[in-house]
Amino acid sequence: MASPIASYYSGKNVLITGATGFMGKVLVEKLLRSCPNVRSLYVLVRPKAGQSMQERVKDMMKCKLFDRVREDDPDFYQKIVPISSELTQPGLAISPQDAQKLASCINVVFHCAATIRFDEPLKHALQLNVIATQQLLTLALQMPNLEAFIHVSTAYANCNRRQIDEVIYPPPVEPKKLIDSLEWMDDSIVRDITPRLIGDRPNTYTYTKALAECVVQQASSKINIGIIRPSIVGASWQEPFPGWIDNFNGPSGVFIAAGKGILRTMRANNDAVADLIPVDVVINLTLAAGWYTAVQKPKTALVYNCTTGGINPFHWGEIEHHVMSTFKRNPLEQAFRRPNANITSNYLINQYWILVSHKFPALIYDLFLRLSGQKPQMMRIFNRLHKAIGLLEYFSSQEWEWNSENVTMLMGQLSPEDRKNFNFDVRQLNWPEYIENYCIGTKKYVLNEDMSDIPAARQHLRKLRNIRYTFNTVLLVFIWRVFIARSQMARNIWYFVVSLCFKFLSYFRASSTLTN
C-alpha cells in the first residue's frame, strides 16, 4: 500500500532548523529513509570555529544514525543543502542570495532550533527561542510555495498550569514589549529582574518557549501552522534502531552518572509520572503533522501535546528500578562505584546522602589524586552533577495532565501503512524494554563502549564490591575497637554479643548432633 505521508513529501523542498541537534538529526534521517523521493533538505547550519558548515554537515552524515539510509542510498547526502545561518544575528545571518533561493523553493518548514539550557540568561534565551522564530516566520511569509510551518515547542511551555490543553495560552507578557524593553538594558540588570519576569515558571527555557508559541500564533492567519509539544525527549524507541542517543542532556546524563556509580541520590517523587517521550515518536508525529497541516489546511494553528503520562504512564520510582537493574546486568566500563542510586522526595534525607555518598567520597578521592601527583577532579564533577540535577528537580517532583485529543485525531487520519511507518502510538510502548534499550544506548552511542567488554566491566564491579565490603568491615572494627577501649558499657555489649553468638552456635551444633 502507498504511504500518503511519503507521497506528500515526494518532490518537496524542506527547510529544517536545528538539523545538527539531537531531534534535528533524527528528523533528517527519517525524512531521507521513509520519504526517499523528497527533493532536497535545506538545513540552516552555523559555522563553528575551525569548521565550515559543509564540514559540520559532512561529519553529521558519518554518524551511525544514518547507517540504514546509507545502505539504501549511498549518495543520500546529495539531497542535503547546507545554508549558512546564525540565529543570534539579524535576519538569521542568511545571505540575500540564500534567502531568495529559500523563498522561491521551500514547501515545508520544520523549526526545531532552540536553546534547551534551563539556566540560559534571559536575553540569550529570548534571542534564540523568540526573536529567531520571529525572523524565520518573516522569511516564511516570503515563500509563495510554503504549504506548512511546523514549530517544535515543549510540553512544559505552560508548566505553571496543572491541566494543559492543546491550545495556545495567553503569553506571560507581550513578546514585542519584552524584546523592546530588554534591548537597552545591561545584562546585570536583566539578570536581577529575571526571577520577577518569569514568575511561576521554573526557568528561562519554559518562559521563552511560551512566548515563542505566541509569536507563531500571530502568523497563523497567513501561514498553515502546527505546533508540536514534546515532553522530556529521550532515546529512540524503534527507529532507526532502539536506544539511539547522542548526548548527555536530560535523563541521559542522569542515567550515565547512576550507571557509573557517581550518582547515589536524587530528589524526585517516586510516585510522580516521568513523562518521557522517545525521540522517534516525536519525529513521526512531527512529519505526520506537517502532512496534515499542508493537506487539510486547518483554519487555526493546531497544537499537539506529544506526551505519555495520560496514555501510558510510567513513574520515577519504576525508572530508578529498571535503570539500576540494567546497569548491573550491563555495567559501564571503569565505574567509580557499583550502581546503587536512590530517589527520595525528602529534602533532608537527600542532603544527608549527598554529604555521605557524594561529597565525602569525592573529598577522599581528590585527596588521593593530590597525593599521587594528579589533578583533583571528582568534587568538580559532583558539583556539576548537583547543578544539573537541581535544574531537573522541578520536573521530577511533580506531574501534569496533558490533553491529547489532536494527537488522537491525527492518528485516526493515518492510513494503515502510515500508522506502521510513522508510528507515534505510545500505547504500544513497553517501558521496561525501552528503559533497558535506553541505558544500553548511552553505553554504546554516547560513551562509545563495546558490548563485548561487558565481562570485564562485571569483573570490575565485583572488585569494587569486594573493596567496599573490606573497607566497611575494617571501618566497623576500627570504630568498635575505639569504643571498646574507651567505654566499659561498650565492652559489656561486645562481650554480650560474642557470648550470644557462641551460645547460638553451640545450640545449633547440639541440635544437629541430636538430629543425626
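1. Let's start on the surface, where Ile349, Tyr352, Trp353, Leu355 and Val356 make a nonpolar patch of about 470 Å². Patch members have over 30% relative accessible area and no salt bridge, with like charges joined within 9 Å and nonpolar side chains (Val, Leu, Ile, Met, Phe, Trp, Tyr) within 5 Å. A salt bridge here is a side-chain nitrogen of Lys or Arg within 4 Å of a carboxyl oxygen of Asp or Glu. Areas come from the Shrake-Rupley method with a 1.4 Å probe, and for residues only the protein chains shown count as cover.

2. A word on the source: this is a predicted model, where local features need pLDDT of at least 70 and side-chain atom pairs count only at pLDDT 80 or more, while totals for chains, interfaces and linings use all residues. Residues are numbered from 1 along each chain as its sequence is written, and side-chain values use heavy atoms, leaving out hydrogens and water.

3. Now look at Tyr352 in that patch. Tyr352 sits in helix α13, residues 347-371. Because its relative accessibility is 47%, Tyr352 counts as partly exposed (buried is under 20% relative accessible area, exposed over 50%, partly exposed in between). Helices (H or I, at least four residues) and strands (E, at least two) are DSSP runs numbered from the N terminus.

4. How many cavities of 30 Å³ or more does a search of the whole structure find? There are four. A cavity is a set of points, on a 1 Å grid over the protein atoms alone, where a 1.4 Å probe fits but cannot get out; lining residues have an atom within 4 Å of a point.

5. The largest cavity holds about 120 Å³ of space. Among its 13 lining residues, Val254, Phe255, Met266, Glu320 and Ile343 lie nearest the centre. Two or more residues each come from α10 (251-259), α12 (316-329) and β12 (342-344), and α12 gives the most, with five. The lining divides into eleven nonpolar residues, one polar and one charged.

6. The second largest cavity has a volume of about 60 Å³. Its lining includes Ile277, Val281, Asn305, Thr307 and Phe424, and α11 (279-296) and β11 (302-306) each give two or more residues. Here the division is eight nonpolar, three polar and no charged.

7. Finally, the whole protein: 19 helices and 13 strands, with buried residues making up 51% of the 516 residues. The C-alpha atoms fill a box of roughly 95 × 60 × 50 Å along the principal axes.

Definitions and conventions
Buried means under 20% relative accessible area, exposed over 50%, partly exposed in between (1.4 Å probe, protein chains only). On a 1 Å grid over the protein atoms alone, a cavity is a set of points where a 1.4 Å probe fits but cannot get out, and a pocket is an open set with protein on both sides within 12 Å along at least five of seven lines; lining residues have an atom within 4 Å of a point. Grid points are joined across faces, edges and corners, and a volume is the space filled by probe spheres set on the points. Ala, Val, Leu, Ile, Met, Phe, Trp, Tyr, Cys and Pro count as nonpolar, Asp, Glu, Lys and Arg as charged, and the others, Gly among them, as polar.
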